[in-house]
Amino acid sequence: IVFNGTSATVSNNVLGVSITQSNGLVTVNSTASGVEYKVSGTASSGQLAITSTNAFKLTLNGANITNASGAAVLINSNVKAFVQLTAGTTNTLSSSLATAFLSSGALLFEGSGSLSLASNAKHGIAANYVRVTEGNITITAAASHAIQGTSAVYIDGGTLNLTCTKDGIQCEEGKIFINDGTITINAGDDGITAAYKSTTSGVANLTINGGTINVTAEGEGLE
């Protein structure tokens with residue numbers, strides 16, 4: 001999938017995968033397994049929307065997608081998406097009115113490339129489950145949380161620079177594990193916020209096993 005301004009060129013010969021595009025809006029519907037979607041190019045008004053019954057790999061290889069009304073990348077299915085940030089590339093996703101990278105399932109970031117995100121209305125990244133193992137992820141601005149996970153957020157490596165109006169990393173319904181990596185947060189509310197084990201215990205489901213964390217926040221640093 002190669003974006004070019006307000007259009008995109010698609011090459012696809014995979015059985016069970018349908019890809020259509022209209023004015024830079026690329027829609028993928030898949031019942032296949034073991035599929036890799038390779039995305040590059042620049043869209044001034046575009047979107048990549050994926051619906052899949054199976055886990056897949058999404059390789060960002062110099063992809064720059066801007067959307068005025070919706071998410072730049074939208075995954076409609078509760079499946080795992082392995083997001084590969086190709087080495088030596090910079091990728092950008094931005095939205096004026098929605099979360100920049102939105103998934104109903106799990107987002108697992110890998111690869112040594114860079115990803116920059118911005119949202120003027122909502123989150124930088126939002127998914128049911130978020131895991132970062134490597135790469136350079138920068139959220140330059142988010143009107144809400146920089147990273148929003150529903151069930152869990154794992155940081156196992158990589159470099160994260162997060163700037164947001166609300167929380168840097170937030171997971172109100174689940175757990176957050178920081179195992180490694182370098183995290184820098186500038187937050188208008190809390191730095192890192194996890195769910196509490198119970199309404200009375202006052203013990204948060206936040207576990208820090210390693211890594212380097214620097215937080216500047218108007219609210220709590222860690223909660």
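In this predicted model, the largest nonpolar core holds 57 residues. Leu48, Phe101, Phe109, Ile125 and Ile169 touch the most other members of this core. Strand β7, residues 56–67, supplies the largest share, five residues. A second core is separate from the first and has six residues. Leu108, Tyr129, Ala152 and Phe177 are among its members. In soluble globular proteins, nonpolar side chains tend to be buried together.

Isoleucine 125 shows the surroundings of one such core residue. Residues up to four places away in sequence are not counted here. Its contacts include the aromatic residues Phe101 and Phe109. Leu107, Leu117, Val130, Ile137, Ile139, Ala146 and Ile147 are also touched by isoleucine 125. Thr99 and Gln148 complete the list of its contacts.

The N-terminal strands pair in two senses. Strand β1 covers residues 2–5 and strand β5 covers residues 35–43. These two strands run parallel and are joined by four bridges. Within this pairing, asparagine 4 has threonine 42 of β5 as its bridge partner. Strand β1 also pairs with strand β2, residues 7–9. Here the sense is antiparallel, and the bridges number three. Phenylalanine 3 stands opposite alanine 8 of β2. One residue separates β1 from β2, and the two strands form a hairpin.

Further along the chain, two residues differ in their exposure. Asparagine 23 sits in the loop between β3 (17–22) and β4 (25–30). Its phi is near 55°, a positive value in a residue other than glycine. Most residues other than glycine have a negative phi. Asparagine 23 is exposed, because its relative accessible area of 59% is over the 50% cut-off. Serine 30, by contrast, belongs to strand β4. Serine 30 counts as buried because its relative accessible area is 5%, under the 20% limit. A polar atom of the serine 30 side chain lies 3.1 Å from the backbone nitrogen of alanine 32. Beyond four places in sequence, serine 30 touches Gly16, Val17, Val35 and Tyr37. It also touches Thr51, Ser52 and Thr53.

Charged residues give two contrasting cases. A search of the whole structure finds one salt bridge. Aspartate 156 and arginine 131 form a salt bridge, with their closest N and O atoms 2.5 Å apart. The pair links distant parts of the chain, 25 residues apart. Aspartate 156 lies in the loop between β16 (147–155) and β17 (159–164), whereas arginine 131 lies in strand β14, residues 125–132. Arginine 131 is partly exposed, with a relative accessible area of 23%. Side chains of opposite charge can pair when their charged atoms come close.

Aspartate 190 is the other case. This residue is buried yet has no salt bridge. Lysine 166 has the nearest side chain of opposite charge, and it is 11 Å away. That distance rules out a salt bridge, because the definition requires the charged atoms to lie within 4 Å. The location of aspartate 190 is the loop between β20 (182–187) and β21 (192–194). A polar atom of its side chain lies 2.7 Å from the backbone nitrogen of glutamate 220. With neighbours within four places in sequence left aside, aspartate 190 is in contact with Lys166, Asp167 and Gly168. Its other contacts are Ala217, Gly219, Glu220 and Glu223.

How values were computed: Residues numbered from 1 in each chain as written. Predicted model: local features only at pLDDT ≥ 70, side-chain atom pairs only at ≥ 80, totals over all residues. Heavy atoms only, no water. Pairing = 2+ DSSP bridges. Core = buried A, V, L, I, M, F, W, Y, C linked by side-chain atoms within 4.5 Å. Buried < 20%, exposed > 50% of the residue type's maximum accessible area, 1.4 Å probe, protein only. Contact = heavy atoms within 4.5 Å. Lys, Arg positive; Asp, Glu negative; His and termini not counted. Polar contact = N/O pair within 3.5 Å; in protein donor to acceptor, adjacent residues only side chain to side chain.
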